[in-house]
Amino acid sequence: MAATEAPARTEPNHGARIVGIWLVLAIIADALIWFVWRPHLPPGDMTDQARGQQFDIAVMAVLCAPVLVFIWTYVAYALVVWRHRAGDDEDGPPMHGTTRVQATWITVTAVIVLFLFGFGTYELIVPAGAGAGEGPSPIWNPPGITTTSATSLAKMQQPWSPGSPLVVQAIGQQWAWTYRYPQFGGMETTELTLPVNTEVVFHVTSLDVIHSFWAYKLGVKADANPGVDNVAYTKTAQLGRFAVRCNELCGIWHGAMFSYGRVVTPSAFSAWAAGLQARQRSDGLLTALPRYALTYDPTVIPQLGKAFTKVLGITGAQGNYYPSRDPVQP
Ligand SMILES: [Cu+2]
């Protein structure tokens, strides 16, 4: 019968057309992502951690955009070229599976996903993931930092010199952040100040409930749990101001638990820190504060807090500093 005869091939090569359109659009999309969008991607480029995270997001977007663009191209092509036309009541041609297309699709998407799995794992561990808290004894340490666990408590209280890692303790409590600088006599402040081009070792803890230390522009987010010393790293790369927020629902004023910090030049930092330390020493705060410890015991509270508030309108913690029962303390 005539109907079974293969019709003369008048169809254009749709596959080649779709691939051609897709290739152009995919290249444009990837170029836009990499060259236009990437510099504006969160969390910015204020630290090496932030830059690493920005790079990771851009790589993922560059790999995913061609897949998305292919689907859009195919749908748009089908809508335009294969749409039903008025007066055309004929059946379409019979469909056959196309092993090559299916295998190609499965292979390409599988390779992309597996690559992202490997890439994501590597990035999480080595360069870009150190801004997340790694617990008291990090496995992954930046070069030059050998140990950060309790054994190094004395070491981290050695005076700081420009160029060496800066240790900052971030203490969460309902509902404020306080920062202690063990290399400056354990002085405290509510405005996180950091020197630029410096490796910063955050020791994050809490005095009461669970909080999360989230310095978004620094690429750092680490749980602040009572009784836990949680270490996170970042290396400052740019001067500027940044916000610190609590990222763990921690009570009724959780939303108001934020403060600001700044990255300044090493000389400005040294001047600021030396001045603050001298002032806190002379007005008695440094001796009134509990010894610098990895964690603080929140069970012994009120009397000490009252005494502190009297001392001098203390800079931080609103007088609610708790003495340490850390067995590591001398
Ligand atoms: Cu909180």
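In this predicted model, helix α4 (residues 266–282) lies across β4 and β10, and its direction makes about 135 degrees with that of β4. Helix α4 also packs on a second sheet, where it touches β1 (166–173), β2 (176–181) and β3, running at about 110 degrees to β3. The two sheets that α4 contacts are described in turn below, followed by the copper site and helix α3.

**The sheet containing β4 and β10**

Five strands make up this open sheet, arranged in the order β4-β10-β9-β6-β7 with mixed pairing. Because β4 (192–195) and β7 (220–224) each have a single partner strand, they form the edges, and one side of each is left without a neighbour in the sheet. From one strand to the next, the twist averages 20 degrees. Strands of a sheet pair through backbone hydrogen bonds, in either the parallel or the antiparallel sense.

Within this sheet, β9 and strand β10 (residues 258–264) run antiparallel and are joined by six bridges. Arg-241 has Arg-262 of β10 as its bridge partner, and Gly-240 stands opposite Val-263 in β10. The pairing of β6 with β9 is likewise antiparallel, over two bridges; here Phe-213 has Cys-246 of β9 as its bridge partner.

**The sheet containing β3 and β8**

The other open sheet has five strands in the order β3-β2-β1-β5-β8, and its pairing is mixed. Its edge strands, β3 (187–189) and β8 (230–235), each pair on one side only. The twist averages 30 degrees from one strand to the next. Six bridges connect strand β5 (residues 199–206) with β8 in an antiparallel arrangement, and Val-204 is found opposite Asn-230 in β8.

The antiparallel pairings described above are collected here.

| Strand pair | Bridges | Sense |
|---|---|---|
| β9 and β10 | six bridges | antiparallel |
| β6 and β9 | two bridges | antiparallel |
| β5 and β8 | six bridges | antiparallel |

**The copper site**

Which atoms coordinate the copper ion? The donors are ND1 of His-211, SG of Cys-246, SG of Cys-250 and SD of Met-257, at 2.0 to 2.6 Å. Along the chain, these donors follow the spacing H-x34-C-x3-C-x6-M. Distant parts of the chain are linked by the pair His-211, in strand β6 (residues 211–215), and Cys-246, in strand β9 (residues 240–246), which are 35 residues apart. The angles among the four donor atoms run from 92 to 124 degrees, and the site is tetrahedral. For four tetrahedral donors, the ideal angle at a metal is 109.5 degrees.

Are His-211 and Cys-246 buried or exposed? His-211 has a relative accessible area of 0% and is therefore buried. Cys-246 is buried as well, because its relative accessible area is 7%, which lies under the 20% cut-off. Cys-246 thus appears in two roles: as a copper donor through SG and as the bridge partner of Phe-213.

**Helix α3**

What span should the 27 residues of helix α3 (residues 99–125) have at 1.5 Å a residue? The expected value is 39 Å, and the end C-alpha atoms are 39 Å apart, so the two agree. Ile-112, Leu-116, Phe-119 and Glu-123 are buried in α3. An α-helix has 3.6 residues a turn, so residues three or four places apart point the same way. The buried residues of α3 pack against α2 (48–81).

Technical notes
Residues numbered from 1 in each chain as written. Predicted model: local features only at pLDDT ≥ 70, side-chain atom pairs only at ≥ 80, totals over all residues. Heavy atoms only, no water. Donors = N, O, S within 2.8 Å, 3.2 Å for Na, K, Ca; no water. Tetrahedral: all angles 85-135°; square planar, octahedral: opposite > 155°, others 65-115°. Helix = DSSP H or I, 4+ residues; strand = E, 2+ residues; numbered from the N terminus. Buried < 20%, exposed > 50% of the residue type's maximum accessible area, 1.4 Å probe, protein only. Pairing = 2+ DSSP bridges. Axes fitted to C-alpha atoms, helices over the stretch in contact; angles between N-to-C directions. Contact = heavy atoms within 4.5 Å. Expected span 1.5 Å × (residues − 1).
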